[in-house]
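Trainee: I am new to this structure and would like a close look at a single part of it, the place where protein and DNA meet. Please take me through that part slowly, and then show me how the rest connects to it.

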Protein chains: 2
Amino acid sequence: MKLSRISDSTVRRLSSYCRVLEELDREGRRMVSSKRLAERGGVSSAQVRKDLSYFGSFGRRGLGYNVPRLLEEIRSIMGLNRTWRCALVGAGHIGSALFSYHDFRRRGFDVVAIFDNAEAVVGQKWEDCEIQNVKKLVPEIRRLGVDIGIVATPARAAQEVADLMVEAGVSGILNFAPRKLEVPKEISLRNVNMTIELESLSFALRASETRSRKKRAVSVDE
Amino acid sequence: MKLSRISDSTVRRLSSYCRVLEELDREGRRMVSSKRLAERGGVSSAQVRKDLSYFGSFGRRGLGYNVPRLLEEIRSIMGLNRTWRCALVGAGHIGSALFSYHDFRRRGFDVVAIFDNAEAVVGQKWEDCEIQNVKKLVPEIRRLGVDIGIVATPARAAQEVADLMVEAGVSGILNFAPRKLEVPKEISLRNVNMTIELESLSFALRASETRSRKKRAVSVDE
DNA sequence: CCCACTTTGTGAAAGATTTCGCAAGGAGCG
DNA sequence: CGCTCCTTGCGAAATCTTTCACAAAGTGGG
Ligand SMILES: NC(=O)c1ccc[n+]([C@@H]2O[C@H](COP(=O)([O-])OP(=O)(O)OC[C@H]3O[C@@H](n4cnc5c(N)ncnc54)[C@H](O)[C@@H]3O)[C@@H](O)[C@H]2O)c1
Ligand SMILES: NC(=O)c1ccc[n+]([C@@H]2O[C@H](COP(=O)([O-])OP(=O)(O)OC[C@H]3O[C@@H](n4cnc5c(N)ncnc54)[C@H](O)[C@@H]3O)[C@@H](O)[C@H]2O)c1
């Protein structure tokens, strides 16, 4: 299985199929067809079948997919049947929201250390985790065996924090700062950029307003 | 200009070019080539030129693009040279992080109302904005002329909140709840789903671990 | 003005992703 | 079993996106 040639869009859809399957499981459904799974996930049924076909044949013709079994298969494909150790850097607004979002822990993303550089917050305890000075980042991340670093500092500090994380040996980085980070190519990087989402919404709204203005103009003309 | 056939990836890149251009502007650069813009934005120079070419010719051969002029052009294309009125629903962790993130306001996304359904928070004031009961959402959003609704409630309440927003006449919705929302097709919808980002990171890490395990095994064999 | 060099804008090619369409497997019923 | 109705898995076609490659336009030095 050439995992490297699985497209990012497929991976993201698998993640959303997980959520649909969990819901179906809670509803007590045993089996689900690609059609129904597709409807709930907002894609086409052919897309669901194609996505799954990259990894194997999990369904039964005429019947569909067994819900708990498919959920387990996808979890295993995605590496979700284990715990990932995360370190959060930047104990500000976003950092605090992330830390208190227990759904991540439930899904196996465990924040095992928090770092900041502000005197005012270093030493504070969030639940059972003490915020440490960012100077201790490298040794602490090494000691704790952290897999994933989460960057939740202001944009100007993001690159230097990412550099420290790489030095400390994390395998992946989730970045919330609105700035392109440079990391060695063997480190996986994902960005959450809310500004891009808002701005692309702005583009869509402006585009649809232009369209309706044009439509009105045409009606008046006729 | 057929704006409807501009791809989402192009729009998202335009948004990130904006950030690069702002930075270049702050650095006092007058002109920039597609090559340099591309490097800073993490894409290819042909991609930059192609993206811009959908909207017109903004550069000068042999010279590149005028930084402030291109920034203005892109802002105008994206609808960023105006203020968008936003309503935030869900005054919890994410809601609070968003509200206090003044960079959105600076970019023209103004939160003009906050709603929640919890007795404990309704009536509180965040800066000069009072959190209102979600029951008042429809009339208030109508009265204030809100363009964009931001869903920051738990997933189970997200659809009903979105329905209210649509009833009240918003043009677009930004959704933070990890659930597919149904909205009429004339309403623009964007999702910020951090779970998908984390899970796709998990997939990438698991994939690279598998690869290095295989590599080790091969070395041992040989 | 000429020449060497730079950079845009854009068709056309290459590459990636999605959708189509259907053979084949399986359930259920009489 | 024979017939009908579903549904998967998957190659092939269609569509969408990115990259290539180059003519055309511009700069600057002599
Ligand atoms: N709050 C939001 O809604 C929001 C939205 C979009 C993007 N972001 C981005 O997320 C990031 C964090 O935003 P926020 O609102 O939480 O900011 P914040 O100011 O509330 O928190 C940032 C934290 O990082 C710490 N910090 C600064 N420099 C540091 C360093 N070198 N090492 C370690 N810690 C350091 C600060 O002490 C602070 O505690 C920013 O890059 C911001 O652009 C935030
Ligand atoms: N906190 C995070 O880091 C994070 C990360 C990823 C996704 N999310 C998603 O963002 C959303 C909000 O998360 P949060 O951590 O801020 O949750 P939260 O519990 O801190 O806040 C949710 C708020 O919504 C309010 N609310 C509930 N039902 C409502 C209703 N019907 N109408 C109006 N308000 C209502 C609650 O009173 C609460 O104030 C959730 O869907 C969550 O899954 C959060």
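Mentor: In this predicted model, a backbone N or O atom of Gly62(A) lies 3.0 Å from a base nitrogen of DNA strand C. A base of DNA strand C is also approached from chain B, where a polar side-chain atom of Lys50(B) lies 3.3 Å from a base nitrogen. The backbone of the DNA takes part as well, since a phosphate oxygen of DNA strand C is found 2.9 Å from a polar side-chain atom of Tyr65(B).

Stepping back from these single contacts, DNA strand C is surrounded by 26 residues, and the closest of them are Arg13(A), Ser34(B), Arg49(B), Gly59(B) and Tyr65(B). Of the atoms of DNA strand C that come within 4 Å of the protein, 62% belong to sugar and phosphate. Sorted by class, the residues of this surface are five nonpolar, 12 polar and nine charged. At least two residues each are supplied by α1 (8–26) and α3 of chain A, and by α3, β2 (59–60) and β3 (64–66) of chain B. The element that gives the most to the surface near DNA strand C is α3(A), with four residues.

The surface near DNA strand D can be read in the same order, beginning again with single contacts. A base nitrogen of DNA strand D lies 2.9 Å from a polar side-chain atom of Arg49(A). Two further contacts reach sugar or linking oxygens of DNA strand D: one such oxygen is 3.2 Å from an N or O atom in the side chain of Arg61(A), and one is 3.3 Å from an N or O atom in the side chain of Gln47(B). The elements that give two or more residues to this surface are α3 (45–53), β2 (59–60) and β3 (64–66) of chain A, together with α1 (8–26) and α3 (45–53) of chain B. Among the elements near DNA strand D, α3(B) gives the most, with four residues.

Around DNA strand D there are 24 residues, of which Ser34(A), Arg49(A), Tyr65(A), Arg13(B) and Arg61(B) come nearest. Sugar and phosphate make up 66% of the atoms of DNA strand D that come within 4 Å of the protein. By class, this surface holds five nonpolar, 11 polar and eight charged residues.

The relation between the two chains comes next. Chain B is superposed on chain A by a rotation of 180° with 0.0 Å of shift along its axis, at an RMSD of 0.0 Å. That is the relation of a two-fold axis. Because 100% of the interface residues of chain B are also interface residues in chain A, the copies meet through the same surface.

Both chains also take part around ligand 2. The residues surrounding ligand 2 come from chains A and B, so the site is shared between chains. There are 24 residues around ligand 2, and the closest are Tyr101(A), His93(B), Ile94(B), Asp116(B) and Thr153(B). From chain A, an N or O atom in the side chain of Tyr101(A) is 2.6 Å from an oxygen atom of ligand 2. From chain B, a polar side-chain atom of Asp116(B) lies 2.5 Å from an oxygen atom of ligand 2, while a polar side-chain atom of Asn117(B) lies 3.3 Å from a nitrogen atom of ligand 2.

Asp116(B) leads on to a sheet, for strand β5 of chain B covers residues 109–116. In chain B, an open sheet of seven strands with mixed pairing has the order β6-β7-β5-β4-β8-β9-β10. Its edge strands are β6 (125–126) and β10 (188–191), each of which pairs on one side only. At the β6 edge, two bridges join β6(B) to the antiparallel strand β7 (residues 129–133), and there Trp126(B) stands opposite Cys129(B).

Further into the order, strand β4 (residues 84–89) of chain B is mostly covered, with five of its six residues buried. β4(B) runs parallel to β5(B), to which six bridges join it, and β4(B) also pairs in the parallel sense with strand β8 (residues 148–151) of chain B over four bridges. Val89(B) shows both pairings in one residue, having Phe115(B) as its bridge partner in β5(B) and Val151(B) as its bridge partner in β8(B).

Key. Residues numbered from 1 in each chain as written. Chains lettered and ligands numbered in written order. Predicted model: local features only at pLDDT ≥ 70, side-chain atom pairs only at ≥ 80, totals over all residues. Heavy atoms only, no water. Least-squares fit on C-alpha atoms with pLDDT ≥ 70 in both. Contact = heavy atoms within 4.5 Å. Near = heavy atom within 4 Å. Polar contact = N/O pair within 3.5 Å; in protein donor to acceptor, adjacent residues only side chain to side chain. Nonpolar A, V, L, I, M, F, W, Y, C, P; charged D, E, K, R; others polar. Buried < 20%, exposed > 50% of the residue type's maximum accessible area, 1.4 Å probe, protein only. Pairing = 2+ DSSP bridges.
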